[in-house]
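User: I'd like a close look at one part of this model, the packing between a pair of helices. Once that's clear, could you walk me through some other spots worth looking up on screen?

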Amino acid sequence: MLRVDIYRFGVKCGKIKVNLEDNIMKNQAKFTEYREKYPEFHYRSFKVREDAQAIYLEYEFEISGLAKFQPCVKILKKHLDFKSIDSVVVQNLAFQIGMVELVSYWKASCAPKVVVHPGVLDEEQIVWWKKLYFYGLGELFYTNRIAAKLDDFMTIECAPEAREFKYAEVKDDAEGSLVLIGGGKDSNVTMEILGVDPHKDYVMIVNPKPVTRACAAVAGVPDEHVVEVLRKIDPELLKLNEKGFLNGHTPFSTMLAFTSYLVSYLLGLKYAVVSNESSANEGNVCGECEGVQDCGGDLAKGCAGGDLAKVNHQYSKSFEFEQDFRAYAKKYLRAPVQYYSFLRPLNELQIAKLFSKMPQYHQVFKSCNVGSKRPDWQWCDNCAKCMFAFVVLSPYLEREKLVEIFHEDLYEKESMWEIFKELTGHGETKPFDCVGTFEEVNYAVSVVAKKLMDVSEKLPVLLKRYVDEYGLADLSKDLTREYNAENNLSAEQEQKLKEALGL
């Protein structure tokens, strides 16, 4: 069970601490109250339809006695040659995507009972979805200090009218890849090294922005091979958020997995390719003990154990999820599509090193989530994502190049010290964001600091404080020569990656 420890939030004084503690207690009270007041969540229906512009996946969810939701996922047709949407394969995939969507709405009240009306799930599937929801919402439970357990946080049952999707496995005659791109360095590295054949391969963008379209253009992907997916959140959920109902991080990459699987099938493609690295496997904090600094969720290091011993912001980007999804797809989705992460063998340092040699993207790519909410998507230069991107590129790009990208030297921003500390593992928790491991960050920081120290050059503010307080990390092991064997790449795909790394 999650411990309520105010200090894990890094706020230790005065009125702010008291207010935060009050909010934590209120969130646990809300969790209990809402589960009693709104005990059932219903996945009422789904519908697949199309017109000349798009394919629409429409859903209806309901928190009994509180609200109804009708979200929609739209796949733009453009000039794409999609298969018929009338097959049982497509209907089943649309139903499964609804199972992903529902958790965004369920979390508002955390109803103890979920009733699924449009499709049948067997016991193995129910266990699979409960695991995904629980660990995919681990950050939400932790940051809101909600005491939740895997066994009893939710029950899932299928309504009597639920339909069973029975069909033979589709013939495996697909070829080509669908590469998901989000505007950051990782997917750009995938496009460059794996390659995107403009005749048989495609890229997919969810809720496209000028940055993501520009990355595809730099990679030489013609517009007719760019699949655009629009995902709309029902405004009713936003209203509940404004009223103070429960809110927090959901496993968005699960939506990408299922949606890319569907799009790959509709286009007759063999691979749905994401760009999740091995670093995504590291958790942020232990939700059962005092935090990542004490045990890292490792029983051998004294962890008390429990369902949330390792809370991971990137759970749905982890190798564990990738394996779970591939097993689920093989048994229950059964289309000739293979989902995998091309960058899984690599760590963030290796990706940054490769990306540093791709200057055509340096003025185009963006990773900042704060800045992505602006119309022009700029680096905010004040968040963990910006700080991490700067740090991980700093061993491989000169200061002038970094400033050209980020518009300032983040190592000189004393206001970023607390975030910097968290990234290096010396703070209260690892930032709840898509950032690399402590080992990678300390390695990058120490490499840069040592270079400057070796030529007696003045250290920037953050590096000087880091060296003064913690010293340099052990640099005897070259992290850029590592290769994680836990991956799902084919021999041909591995060869491309190893050649790029010089391994």
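Analyst: Before we zoom in, one term: contact means heavy atoms within 4.5 Å. Also bear in mind that this is a predicted model.

The pair to pull up is α8, residues 252-267, and α9, residues 319-333. Their axes sit 12 Å apart and the helices pack at an angle of about 35 degrees. The crossing of α8 past α9 is right-handed. On the α8 side, the residues that meet the partner are T254, A257, F258 and Y261. What they meet on α9 is F321, F325, Y328, A329 and L333. By type, the residues of this contact divide into 8 nonpolar and 1 polar, with no charged ones. A reminder for reading those residue numbers: an α-helix has 3.6 residues a turn, so residues three or four places apart point the same way.

Now for another helix. α5 covers residues 185-194, and 9 of its 10 residues are buried, so it counts as mostly covered. That buried set takes in K185, D186, S187, N188 and T190, along with V189, M191, I193 and L194. Just after α5 comes G195, with a positive phi of about 90 degrees.

Next, try E228, which is found in strand β9, residues 226-232. Its relative accessible area is 7%, so E228 is buried, the cut-off being under 20%. What does the side chain of E228 pair with? A polar contact of 2.9 Å joins it to the side chain of R213. Leaving aside residues up to four places away in sequence, E228 touches K74, I75, L76, K78, I205, P208 and R213.

One of those neighbours deserves its own stop. K78 lies in the loop between β4 (72-76) and α2 (88-106), and its phi is near 50 degrees, a positive value in a residue other than glycine. As background, most residues other than glycine have a negative phi. K78 is partly exposed, at 29% relative accessible area. S456 also has a positive phi, near 55 degrees, and is found in the loop between α15 (438-454) and α16 (461-470). At 70% relative accessibility, S456 counts as exposed.

F153 is another loop residue to click on, placed between α4 (138-143) and β6 (155-158). With 1% relative accessibility, F153 is buried. Beyond residues up to four places away in sequence, F153 touches R35, W106, A111, P112, K130, Y133, F134, F141 and A148. Take F134 from that list: F134 and F153 are 19 residues apart in sequence, and their C-alpha atoms are 8.0 Å apart in space.

Last, the cysteines. How many disulfides does the structure hold? The count is 0. C368 shows why: its closest cysteine sulfur, in C380, is 3.6 Å away, and a disulfide needs the sulfurs within 2.5 Å, so that pair is too far apart for a bond. C368 is buried, at 0% relative accessibility, and C72 counts as buried too, at 17%.

Key
Residues are numbered from 1 along each chain as its sequence is written. This is a predicted model: local features need pLDDT of at least 70, side-chain atom pairs count only at pLDDT 80 or more; totals for chains, interfaces and linings use all residues. Side-chain values use heavy atoms; hydrogens and water are left out. Helices (H or I, at least four residues) and strands (E, at least two) are DSSP runs, numbered from the N terminus. Buried means under 20% relative accessible area, exposed over 50%, partly exposed in between (1.4 Å probe, protein chains only). A polar contact is a pair of N or O atoms within 3.5 Å; within protein, one must be able to donate a hydrogen and the other to accept it, and residues adjacent in sequence count only if both atoms are side-chain atoms. Axes are lines fitted to C-alpha atoms, for helices over the stretch in contact, and angles run from 0 to 180 degrees between N-to-C directions. A crossing is left-handed if the near helix is turned anticlockwise from the far one by less than a right angle, and right-handed if clockwise. Ala, Val, Leu, Ile, Met, Phe, Trp, Tyr, Cys and Pro count as nonpolar, Asp, Glu, Lys and Arg as charged, and the others, Gly among them, as polar.
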